[in-house]
Amino acid sequence: MTTTPRQPLRFGEDPLLWASWLYYQEGLTQGDIATQMGVSRASVNAYLADARTRGIVSIEIDPERFRALSLAQAMQDHFGLTDCLVIPSEGGDSPLIDRLGAAAAQVLSRLARSADTIAVTWGRTVLSMASRVDRTGLQDLRVVQATGGTTAKIPWTPEACATRLAESMGARCIPISAPAIVSSPDMRALLLREPVVAEQMAVLAQANRIVLGISSLRPESTIHSSGFFDDVAMHAHYHAAVGSIAGRLIDAQGQPVDGPLEGRTIGIDLGGLRSVPCRIGVAGGMDKVQAILAALRGNYINVMVTDADTARAILTSEGHDDTPARRRDQVAQPLPERLRVKKFINRPQDAVNETVAGALLAHEDMLAPITGAPRALRATGAPRAGKVGLVIGGGSGHEPGFFGYVGRGLADAVAIGNVFAAPPPDPILAATLAADGGAGVLHIFGNFSGDLMNFEMAAEMAAARGVPVRTIVTTDDIASAPIDTRAARRGVAGNVFVFKVAGAACDRMLPLETCAGLALRANQRCYTMGIALEPGASVDSQKPSFRLGAGDMEIGVGVHGERGIARAPLASADGAADLIVDRILDEMRPAEGDRVALLVNSLGGTPKMELYILNRRLRERLRARGVQVHRTLIGHYYTSLDMAGVSITALHLDEELTALIDHPCHSPAWTQP
């Protein structure tokens with residue numbers, strides 16, 4: 001008996017799109033397409049004609065659909081997936097979590113069969129999926145929790161996700177009548193011997209499908225909010241972990257990370273997970289790229305549901321080139337030679353130390369070394385008795401960030417890492433002790449995993465020495481995560497304004513909690529977006545970090561040489577400025593008469609002439625909206641080596657923030673009388 005081929009998920013229920021892809025992108029003949037789709041050649045002819053009539057295909061597939069299809073195909077090919085569905089990252093008023101949930105619900109509805117036993121993990125996206133599955137009409141379905149229960153403080157518990165999914169599908173629900181984390185390995189062994197729990201775990205072992213959320217390890221992530229680390233020092237035991245799947249910690253290569261939780265966890269383990277035939281992973285957002293990539297590398301997923309920006313970032317991390325594939329009948333043209341970028345350096349391994357040495361010589365009236373910590377610097381006037389100390393830091397390659405913002409009215413000390421890498425805990429601790437004037441110390445740094453871990457360790461070491469520390473993590477990059485997950489965003493050039501506000505508050509001798517609160521408010525009202533015309537070149541290889549066509553620009557780039565969230569035809573200065581200001585105003589939603597501080601920042605290779613041209617258009621747009629620009633900074637303030645591009649930052653001011661922005665300061669990068 002013959003069966004009709006199953007249509008790949010990425011084409012939805014649209015045979016026209018499937019036929020168009022096979023014909024125009026993969027170059028199959030109409031006869032080949034008929035065989036692959038399981039239809040007649042006449043039907044293929046009708047599909048292609050209808051696709052042109054409806055505008056799905058002109059000379060090529062509609063760009064947005066093409067991008068999603070290309071990314072889904074690349075994900076499937078690269079990771080050996082059974083199937084992959086990629087949805088647009090932007091989607092009107094619906095949060096990404098809800099749109100991913102709806103997509104995963106469609107996937108599960110298509111894959112589920114009568115008599116399936118479906119295991120399900122927990123989390124926001126999984127609960128969204130469970131709420132959106134339509135009753136399938138299938139028979140004898142069972143839905144089983146993949147882990148024991150978690151804290152009831154969250155609405156997306158394992159119990160809630162399994163119950164909701166079972167109700168939606170008309171299935172029988174099998175809970176796990178035990179906590180996901182118990183007090184000891186002995187308690188785990190005791191519970192697993194209980195007949196009820198043993199019976200439930202036996203059903204879990206029979207699962208032939210599982211729906212998996214994937215958690216990052218950021219403080220606001222599902223694994224944290226579920227209470228897994230309530231009594232465990234994460235950095236002490238799980239410093240190698242980048243993500244969690246079914247409550248199990250994995251490293252960047254997808255290997256298990258052993259620790260005290262492993263022997264106390266009740267639920268499916270990673271070996272059992274791999275044995276489930278159909279493993280549907282659903283997750284998206286730039287904050288989860290590392291975790292999703294680890295799950296894919298570990299082969300814990302064979303059907304993936306994600307969004308376009310996340311898929312592209314994952315593939316970029318794997319070195320995938322997303323240049324569109326050519327038709328089979330086209331002759332491949334040789335790639336242009338990648339040129340070596342010339343740089344004024346000696347040995348690459350000496351570049352950071354020599355940069356610091358040169359900065360100390362250039363700014364000896366403002367900067368001083370900290371004894372015993374070669375990459376930790378302090379302001380010449382620090383510490384001041386009774387003043388809250390401000391410590392900043394991050395990787396080099398962003399000059400004049402970070403040492404450029406050390407001085408009176410700004411930071412008291414800085415810790416500097418390798419190029420685009422977090423400083424280790426020791427220089428952070430040295431900077432913290434050097435900035436301590438007896439009123440506590442405020443740490444401010446960008447939202448990157450290495451910085452989060454190392455600053456946290458340094459803060460704990462400082463606290464052990466009697467120095468209280470408060471931490472503010474900057475999250476101003478609006479391109480790096482949706483607005484509903486702002487805490488997952490990267491901290492980029494908005495650092496400059498947050499440093500300024502915090503430095504002024506500290507200089508006014510305000511208490512630690514007040515300084516931290518003002519810095520947090522500045523971060524929450526800061527919006528940044530970047531566009532690159534050319535990639536930056538690595539100090540080590542002196543080659544561009546990615547390829548960008550002569551007629552293209554990269555939208556939403558980071559400051560570590562990362563590619564952006566989208567690629568578009570090169571626009572005029574006004575067009576590029578409009579693209580950025582539209583996104584910023586959509587999020588900021590200022591009222592007429594509101595004021596902003598504006599930073600027009602070169603990413604390294606863009607001269608001031610172009611920055612002033614962009615500023616002209618930005619001011620036109622803001623004036624038309626009735627927004628007043630209180631202060632403008634233009635130049636190299638927070639770079640990405642020699643990337644040719646710009647980032648625009650707007651700080652939405654109130655009276656208190658305005659006064660702090662106007663407060664006098666004196667540092668290598670920002671002096672204000």
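Is Arg-589 buried or exposed? Arg-589 is exposed, with a relative accessible area of 67%, where buried stands for under 20% relative accessible area, exposed for over 50% and partly exposed for values in between, computed with a 1.4 Å probe on protein chains only. The residue lies in the loop between α20 (573-588) and β19 (595-602), and its phi is near 50 degrees, a positive value in a residue other than glycine. Helices (H or I, at least four residues) and strands (E, at least two) are DSSP runs, numbered from the N terminus.

The model is predicted: local features need pLDDT of at least 70 and side-chain atom pairs count only at pLDDT 80 or more, whereas totals for chains, interfaces and linings use all residues. Residues are numbered from 1 along each chain as its sequence is written, and side-chain values use heavy atoms, with hydrogens and water left out. The pLDDT is the predictor's confidence in each residue, from 0 to 100. Its mean over the chain is 88, and 91% of the residues reach 70 or more. Over residues 324-338 the pLDDT is below 50, and this stretch has 18 contacts in the model beyond near neighbours in sequence; a contact means heavy atoms within 4.5 Å.

One open sheet is formed by six strands in the order β10-β11-β13-β12-β14-β15, with mixed pairing; two strands pair if DSSP finds at least two bridges between them. Strands β10 (367-370) and β15 (469-474) stand at the edges with a single partner strand each, so one side of each is left without a neighbour in the sheet. On average, neighbouring strands of this sheet are turned by 25 degrees against each other, direction ignored. For such angles, axes are lines fitted to C-alpha atoms, for helices over the stretch in contact, and the values run from 0 to 180 degrees between N-to-C directions. Strand β14 (residues 441-446) runs parallel to β15, to which six bridges join it. Within this pair, His-443 stands opposite Thr-471 in β15. Helix α18 (residues 495-507) packs on the sheet and touches β12 (389-396), β14 and β15; the direction of α18 makes about 175 degrees with that of β14.

Two cis peptide bonds are found in the loop between β12 and β13 (413-419). One joins Glu-399 and Pro-400, with omega about 15 degrees. The other runs from Gly-401 to Phe-402, with omega near 15 degrees. Most residues other than glycine have a negative phi, and most peptide bonds are trans.

A second open sheet has six strands in the order β18-β17-β16-β21-β19-β20, and its pairing is mixed. Its edge strands are β18 (566-569) and β20 (628-635), each of which pairs on one side only. From one strand to the next, the twist averages 20 degrees. Strand β17 (residues 552-555) and β18 pair in the antiparallel sense over four bridges, and Met-553 stands opposite Ala-568 in β18. Helix α18 packs on this sheet as well, touching β16 (526-534), β19, β20 and β21 (644-652), and its direction makes about 130 degrees with that of β19.

Five of the five residues of strand β6 (residues 241-245) are buried, so this strand is largely enclosed by the rest of the structure. Strand β5 (residues 209-215) pairs with β6 in the antiparallel sense over two bridges, with Ile-214 opposite Ile-245 in β6. Strand β7 (residues 248-251) also runs antiparallel to β6, and four bridges join the two; here Gly-243 stands opposite Ile-250 in β7. The hairpin of β6 and β7 has two residues between the strands, and Ala-246 takes a positive phi near 55 degrees in it.

Helix α13 (residues 289-297) and helix α14 (residues 308-317) pack at an angle of about 65 degrees, with their axes 10 Å apart. Their crossing is right-handed, meaning that the near helix is turned clockwise from the far one by less than a right angle, an anticlockwise turn being left-handed. Val-289, Ile-292, Leu-293, Leu-296 and Arg-297 in α13 meet Thr-310, Ala-313, Ile-314 and Ser-317 in α14. By class, this contact has six nonpolar, two polar and one charged residues; Ala, Val, Leu, Ile, Met, Phe, Trp, Tyr, Cys and Pro count as nonpolar, Asp, Glu, Lys and Arg as charged, and the others, Gly among them, as polar. Asn-299 is in the loop between α13 and β9 (303-307). Its phi is near 60 degrees, a positive value in a residue other than glycine, and Asn-299 is partly exposed, with a relative accessible area of 41%.
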